Amino acid sequence: MEFSVNQIAALLGGTVIGNGELKVNNLDKIETAQAGSITFFSNIKYENFVYTTQASAIIAAKTFEPKQEIAPALILVEDPYLAFTALLEEYHKFKSFSISGVEEPSFIGKNVTTGESIYRGAFSYIGENSTIGDNVKIYPHVYIGNNVKIGNNCIIFPGVKIYADTVIGNYCTIQAGAVLGSDGFGFAPQADGTYKTIPQLGNVILGDHVDIGANTVVDCATMGSTIIESGVKLDNLIQIAHNVTIGANTVIAAQTGIAGSTKIGHNSMIGGQVGIIGHLTLAPKTKIGAQSGINKNVTEEGKTFLGSPAQEYAQNLKSLTIFRKLPELLSKIEKIEEKLVHLSVSDTK
Amino acid sequence: MEFSVNQIAALLGGTVIGNGELKVNNLDKIETAQAGSITFFSNIKYENFVYTTQASAIIAAKTFEPKQEIAPALILVEDPYLAFTALLEEYHKFKSFSISGVEEPSFIGKNVTTGESIYRGAFSYIGENSTIGDNVKIYPHVYIGNNVKIGNNCIIFPGVKIYADTVIGNYCTIQAGAVLGSDGFGFAPQADGTYKTIPQLGNVILGDHVDIGANTVVDCATMGSTIIESGVKLDNLIQIAHNVTIGANTVIAAQTGIAGSTKIGHNSMIGGQVGIIGHLTLAPKTKIGAQSGINKNVTEEGKTFLGSPAQEYAQNLKSLTIFRKLPELLSKIEKIEEKLVHLSVSDTK
Amino acid sequence: MEFSVNQIAALLGGTVIGNGELKVNNLDKIETAQAGSITFFSNIKYENFVYTTQASAIIAAKTFEPKQEIAPALILVEDPYLAFTALLEEYHKFKSFSISGVEEPSFIGKNVTTGESIYRGAFSYIGENSTIGDNVKIYPHVYIGNNVKIGNNCIIFPGVKIYADTVIGNYCTIQAGAVLGSDGFGFAPQADGTYKTIPQLGNVILGDHVDIGANTVVDCATMGSTIIESGVKLDNLIQIAHNVTIGANTVIAAQTGIAGSTKIGHNSMIGGQVGIIGHLTLAPKTKIGAQSGINKNVTEEGKTFLGSPAQEYAQNLKSLTIFRKLPELLSKIEKIEEKLVHLSVSDTK
């Protein structure tokens with residue numbers, strides 16, 4: 001994956017100054033870029049790096065007038081930051097989807113349908129009757145159970161485990177070690193103190209453009225489906241219990257846990273290490289601060305919560321501020337008590 | 001896995017009304033059931049679904065008198081909910097244990113003993129001198145180290161990692177990505193600020209009917225054993241440190257962590273995201289609310305705790321209630337102070 | 001791995017009393033040791049175990065004078081505890097590094113360099129252009145992406161996933177299921193409420209003597225590197241986000257999460273289930289209690305913090321103590337109010 005400065009300039013519609021034949025194979029920040037890298041310069045604060053960087057090429061503004069000689073090749077464009085971002089995305093897409101073919105040994109069950117340009121890494125496993133769309137990248141050690149459906153343009157990183165009957169949309173990315181469809185945690189207490197396992201027969205459904213973080217777990221439903229709607233982004237080590245629904249375009253930070261049957265409204269933002277108890281409904285656009293504990297329904301859209309158990313954000317901040325001053329509060333009360341003794345005495349004189 | 005309505009009726013001791021030759025291959029709720037599914041009707045609130053469901057068969061009470069014509073076949077029984085639950089369990093057992101045989105490539109070390117009706121999935125690994133009981137299902141990408149003992153009727157889901165010397169009882173289920181026997185976290189501080197690793201030589205022992213959740217980790221003991229007693233149910237993403245003992249029939253929700261050498265009494269119930277520090281002993285039947293932090297021994301049976309650090313439940317609720325009203329408390333105190341100034345002034349007049 | 005008592009005595013520079021030809025293959029505590037084990041006796045409290053233990057050999061002090069006959073062989077040394085610890089380390093090192101060779105099937109990409117005495121377990125995967133040092137042990141189901149560099153004497157336990165471009169130093173141990181280099185959690189909100197994935201092009205760098213716990217996740221940097229410096233010990237189920245730096249010899253307990261771009265100073269100690277928000281800098285030797293939430297920079301070395309949000313340790317303890325007595329505080333205030341009413345009345349008389 002090496003490109004000449006001229007090729008990149010053509011892609012970006014820019015003008016080359018210097019050696020257009022130079023090859024670049026990496027993108028980096030101007031402070032740390034090495035030979036072989038392309039970088040960008042848009043913030044005047046970083047101008048001296050332009051003259052000292054080891055980068056092979058710099059994307060800069062058409063209006064830029066260098067004060068010294070510049071070693072790297074320059075690509076002059078309208079907006080260097082936008083151009084660099086566009087390049088970044090192209091590069092990432094290219095890098096993510098350029099791999100294809102089948103590495104052996106790999107396992108494919110009976111009656112599996114696979115699309116075009118897919119990659120099946122060594123030691124990957126696809127169970128019977130599963131359907132894999134076009135341009136899906138299945139890395140080594142991925143397990144896909146029976147009757148799984150995966151749409152187009154998905155990337156399933158190494159060691160992901162997808163239980164039977166899971167349905168995944170298009171443009172989903174599942175990071176390493178994530179588990180989709182494990183048995184929900186359901187046990188019926190018996191008279192003798194033991195528990196009987198409640199069979200979990202449902203599945204997991206992911207919409208389109210869903211991203212699942214590394215070692216995150218989404219349990220299957222008891223019956224029906226645990227649903228992660230389109231555009232949801234889950235960070236690492238998250239727990240989604242059985243029969244949960246996460247509304248579209250909701251973003252959840254690492255190590256948060258959502259208990260069984262809770263429904264999160266669309267376009268919500270949930271911080272890290274949050275806990276949400278089961279059987280709740282949270283309105284759309286709910287915001288929840290890190291480490292909060294939610295134990296009640298949220299009926300109004302767009303509210304922000306904090307604390308464990310959570311309160312509305314501003315209220316919780318007020319209580320927290322006073323919590324930190326509790327020792328002063330206590331001494332105030334003790335002073336008042338003292339004064340009152342004095343007053344009472346004087347009163348009874 | 002398709003059965004006729006007649007076959008199911010025979011299993012349940014029920015009477016068929018309608019087409020007993022219809023085939024069903026799934027169980028579902030009456031609201032969502034599709035063709036090919038069997039469902040049940042026991043709550044009168046759901047009666048109109050009986051006339052509109054797409055299900056192929058409905059389990060209903062002998063006493064049920066339909067008000068309209070019914071498309072699905074009916075199976076009439078004494079108690080439809082119990083009958084459906086029984087069917088669910090049969091179906092689940094059948095589905096879980098019907099798979100057997102060996103998929104290739106798989107790896108089996110020297111001197112391994114395996115029982116009858118086992119399944120060894122592709123890319124599964126069994127180390128030397130290990131013993132696997134009857135009817136054990138080892139899914140793809142499972143790693144079983146050397147000298148491991150697994151009893152009968154266990155299901156080890158994909159990607160589970162079981163370190164050497166682990167002992168697992170009968171009827172255990174380990175969900176995908178769980179790790180049993182990883183090295184405990186023990187490091188001796190050195191004079192120069194570095195740490196020396198303390199070797200972890202012990203193992204993990206699981207009793208019978210233990211369920212371990214996805215991506216949960218149980219560390220091996222430093223010496224001796226980390227012990228998960230019979231009937232314990234662990235949810236996903238739980239951390240059990242070295243030398244911990246979890247008493248029989250204890251249930252622990254997701255993302256809870258238990259530090260080294262702590263002993264949890266039998267029949268305890270621990271919520272999600274709880275933290276318990278090391279070297280504690282908790283009495284049997286202890287209940288702990290979600291997100292609590294336990295930093296003291298619990299000597300009395302059957303108590304309930306909440307908060308971080310935890311208090312007895314009722315006490316913590318009282319403190320929490322006042323915490324939420326701290327701003328009002330503060331303004332009360334300020335009013336008192338004001339009044340006192342006034343009183344003091346009037347007193348000194 | 002069986003040694004005679006004489007061999008062990010020679011290693012420890014001790015004197016044998018009893019049968020030096022006895023074979024031992026395990027180390028254990030004196031309370032639980034069985035035949036074939038060697039144990040030690042240094043604490044006088046445990047003396048009666050010396051006469052009852054099933055162990056085959058006991059390491060004891062030169063000065064020890066038995067009161068009864070002793071069945072096991074004795075190895076007499078200057079300091080039995082130190083000798084046993086030394087033996088433990090030798091045994092552990094031996095056990096950890098004795099395995100070597102290649103199990104098949106395993107996968108190795110083009111242009112991979114591997115050192116001497118390495119172990120590549122069955123179903124392990126090494127991508128193109130990766131370099132593996134001497135004496136590295138790669139267990140089954142390990143995934144190593146392209147362009148990864150691993151130093152000497154590392155142990156990579158089963159099912160570890162190492163993304164492309166990761167760099168690992170010498171003497172590192174990575175426990176099962178850990179993920180290094182997964183994509184950082186970066187999404188740019190769009191006008192229509194959806195999110196666009198920000199490409200994550202950086203990598204993860206581990207220094208020397210780094211230990212990573214089971215199912216822990218370290219994300220790659222957006223650009224540049226997420227850095228875990230030498231001597232860092234991470235427990236299980238920890239989340240390290242993109243662009244974080246963990247200073248040398250820092251120890252972090254299980255289930256803690258550190259958000260993006262935060263820098264932790266060297267020789268810090270962080271408890272379990274701690275959350276640290278993004279873009280912070282924490283001074284060296286910072287100590288953080290379990291379940292704390294850090295939301296501010298720490299500029300002074302060696303401070304201890306507790307609470308969520310965290311305060312300095314002593315302050316937080318004071319507030320917590322009063323929090324637990326809030327009901328009494330409230331009734332104090334109510335009594336004061338009552339008294340004031342009385343006083344006011346008497347005042348206005």
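Let's start with a charged pair: Lys196(B) and Glu89(C) form a salt bridge, with their closest N and O atoms 3.5 Å apart. This is a predicted model, and that pair belongs to a chain C–chain B interface that counts 3 salt bridges. Below you will find the interface, one helix of chain B and the relation between two chain copies.

**Where chain C meets chain B**
- On the chain C side, 55 residues are in contact with 64 residues of chain B.
- About 4800 Å² of area is buried between the two chains, and carbon and sulfur atoms give 65% of that area.
- Alongside the 3 salt bridges, there are 21 residue pairs in polar contact between chain C and chain B, both residues being at pLDDT 80 or more.
- Several elements of chain C each supply at least two residues of the side that touches chain B: helix 3 (80-97), strand 28 (233-234), strand 31 (251-252), helix 4 (313-324) and helix 5 (326-348).
- Helix 5 of chain C gives the largest share of that side, with 11 residues.

**Helix 3 of chain B**
- With 18 residues (80-97) at 1.5 Å a residue, helix 3 of chain B should span 26 Å, and its end C-alpha atoms are indeed 26 Å apart, so the two values agree.
- At the start of this helix, a side-chain oxygen of Asp79(B) comes within 3.1 Å of the backbone nitrogen of Tyr81(B).
- Buried residues of the helix include Phe84(B), Leu87(B), Leu88(B), Tyr91(B) and His92(B).

**How chains A and C are related**
- Chain C superposes on chain A after a rotation of 120° with 0.0 Å of shift along the axis, at an RMSD of 0.1 Å.
- The two copies are therefore related as by a three-fold rotation axis.

Key
Residues are numbered from 1 along each chain as its sequence is written. Chains are lettered from A and ligands numbered from 1 in the order in which they are written. This is a predicted model: local features need pLDDT of at least 70, side-chain atom pairs count only at pLDDT 80 or more; totals for chains, interfaces and linings use all residues. Side-chain values use heavy atoms; hydrogens and water are left out. Copies are superposed by least squares on the C-alpha atoms of residues with pLDDT of at least 70 in both. Helices (H or I, at least four residues) and strands (E, at least two) are DSSP runs, numbered from the N terminus. The expected span of a helix is 1.5 Å times one less than its number of residues. Buried means under 20% relative accessible area, exposed over 50%, partly exposed in between (1.4 Å probe, protein chains only). A polar contact is a pair of N or O atoms within 3.5 Å; within protein, one must be able to donate a hydrogen and the other to accept it, and residues adjacent in sequence count only if both atoms are side-chain atoms. Contact means heavy atoms within 4.5 Å. Buried area is the accessible area (1.4 Å probe) that two parts lose on being put together, summed over both. A salt bridge is a side-chain nitrogen of Lys or Arg within 4 Å of a carboxyl oxygen of Asp or Glu.
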